[in-house]
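Here are four short exercises on one protein model. Try each task before you read its solution.

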Amino acid sequence: MQVTEHVHAVKIPFVLEVAPGKRLNRFVYVYLIYEDNSICLIDCGVAGSKEVIFDYIIKTGRSPEEIATAVITHAHPDHIGGGPGIQKAVNCKTAAHIEAVRWIEDTELQFNERPVPGFHELVEGPFKINFLLYDEDRVETGGGKSLTVIYTPGHSKGHISLFYEADNVLFSGDCVPLPGEIPIYEDVFSSIKSLVTLQNIKGMAVLLSSWDEPRYGDSGYEVLKKGLACFQEIHSAVLNERISSRGSDANSLALYVIKTLGLPEIAMNPVFLKTVEAHLQLSRYPNLFEIRDAALR
Ligand SMILES: [Zn+2]
């Protein structure tokens with residue numbers, strides 16, 4: 001789907017086996033920036049995504065060989081899974097934040113440290129990152145245009161968002177939670193700070209998240225605002241359940257939270273437990289925004 005003059009979105013469906021016999025239909029977006037003589041790819045989807053991405057490129061009259069750069073927003077399986085096949089096929093340069101690189105170049109290390117269900121079905125294997133990125137770096141996309149790197153950790157270490165000035169498009173990866181979706185992050189405060197950083201971007205015409213449809217104009221800012229509110233909603237749910245089910249283990253606490261938030265029971269997995277633990281670390285602070293405001297003063 002063409003989103004703006006230069007930016008295209010490719011939706012990649014996949015099935016996640018969250019437990020034996022329990023399968024969850026998910027999707028992830030990857031994005032393409034079409035410059036005159038080259039293509040910049042944002043994220044690589046899951047294992048096997050190469051076919052879907054290349055088919056799209058060919059259907060729109062371009063060639064996969066034009067992919068000069070692949071920029072990775074973060075190291076999670078649905079963003080790096082198809083990387084090895086793509087890099088091998090077109091020999092593109094790859095770029096990611098320095099804190100994300102170890103999990104991309106050593107996927108077994110990632111699996112050991114974050115054992116996501118179905119990991120090895122989602123990830124083809126490790127691949128090399130050619131350019132290490134830092135906050136405010138610029139990544140050339142071709143034709144004198146570029147992406148600005150915005151460091152937005154919290155969902156994952158080394159998570160970056162990218163702003164494409166030519167079309168005023170913000171690529172936010174996975175850092176904006178969506179109401180009703182499974183909230184996944186490892187650091188609540190970093191997540192909040194990251195969203196505030198994105199809210200301060202002026203003139204955003206389109207917000208492109210990896211797990212949401214394109215949001216144009218004001219509705220992009222609205223999604224950021226609602227995403228921020230999600231953190232307090234989840235925080236209150238965790239703290240309330242902790243009080244009412246005092247003494248029970250983290251697992252049952254997480255199950256209660258899922259019920260309170262009206263999330264599907266399938267949300268109960270090791271990754272969601274990390275989110276709950278991240279909130280428990282801040283259990284002394286019932287109002288997240290009060291302390292955030294104090295920290296910003
Ligand atoms: Zn992610």
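**Exercise 1. The two domains**

Task: State which domains the protein is divided into, and describe how they meet.

Solution:
- Step 1. In this predicted model, the chain splits into domain 1 (7–230) and domain 2 (234–296).
- Step 2. Take the centres over C-alpha atoms: 26 Å separate them.
- Step 3. Look at the contacts. Domain 1 brings 22 residues, and these are in contact with 18 residues of domain 2.
- Step 4. Turn to the area. About 1,800 Å² is buried between the two domains, and carbon and sulfur atoms give 79% of it.
- Step 5. Find the main contributors in domain 1. P183, V188 and F189 supply 29% of the area that domain 1 buries against domain 2, more than any other three residues.

**Exercise 2. The nonpolar core**

Task: Find which residues of the largest nonpolar core touch the most other members, and explain where the core lies relative to the domains.

Solution:
- Step 1. The core has 79 residues; L32, L41, I53 and I104 touch the most other members.
- Step 2. Helix α8 (residues 218–244) gives the most to this core: 8 residues.
- Step 3. Domain 1 and domain 2 both give residues to this core, so it lies between them.
- Step 4. Zoom in on L32. Leaving out residues up to four places away in sequence, its contacts include V7, V10, L41, I53 and Y56.
- Step 5. Another core, of 21 residues, lies apart from the largest one; I42, L147, V149 and I160 are among its members.

**Exercise 3. The zinc site**

Task: Name the residues that coordinate the zinc ion, and classify the site.

Solution:
- Step 1. The donors are H74 (NE2), H76 (ND1), H155 (NE2) and D174 (OD), at 2.1 to 2.3 Å.
- Step 2. Along the chain they follow the spacing H-x1-H-x78-H-x18-D.
- Step 3. Place two of them. H155 sits in the loop between β8 (145–151) and β9 (160–164), while D174 sits in the loop between β10 (169–173) and α7 (188–199), 19 residues apart.
- Step 4. Both H155 and D174 are buried.
- Step 5. Check the angles among the 4 donor atoms: they run from 88 to 169 degrees. Tetrahedral needs all angles between 85 and 135 degrees. The site is irregular.

**Exercise 4. Positive phi**

Task: Is E136 buried or exposed? Do the same check for N168.

Solution:
- Step 1. E136 is not a glycine, yet its phi is positive, about 75 degrees.
- Step 2. E136 lies in the loop between β6 (131–133) and β7 (138–142).
- Step 3. Its relative accessibility is 62%, so E136 counts as exposed.
- Step 4. N168, also other than glycine, has a positive phi near 55 degrees.
- Step 5. N168 lies in the loop between β9 and β10. With a relative accessible area of 32%, N168 is partly exposed.

Methods. Residues numbered from 1 in each chain as written. Predicted model: local features only at pLDDT ≥ 70, side-chain atom pairs only at ≥ 80, totals over all residues. Heavy atoms only, no water. Donors = N, O, S within 2.8 Å, 3.2 Å for Na, K, Ca; no water. Tetrahedral: all angles 85-135°; square planar, octahedral: opposite > 155°, others 65-115°. Helix = DSSP H or I, 4+ residues; strand = E, 2+ residues; numbered from the N terminus. Buried < 20%, exposed > 50% of the residue type's maximum accessible area, 1.4 Å probe, protein only. Core = buried A, V, L, I, M, F, W, Y, C linked by side-chain atoms within 4.5 Å. Domains from an automatic or database assignment. Contact = heavy atoms within 4.5 Å. Buried area = accessible area lost by both parts, 1.4 Å probe.
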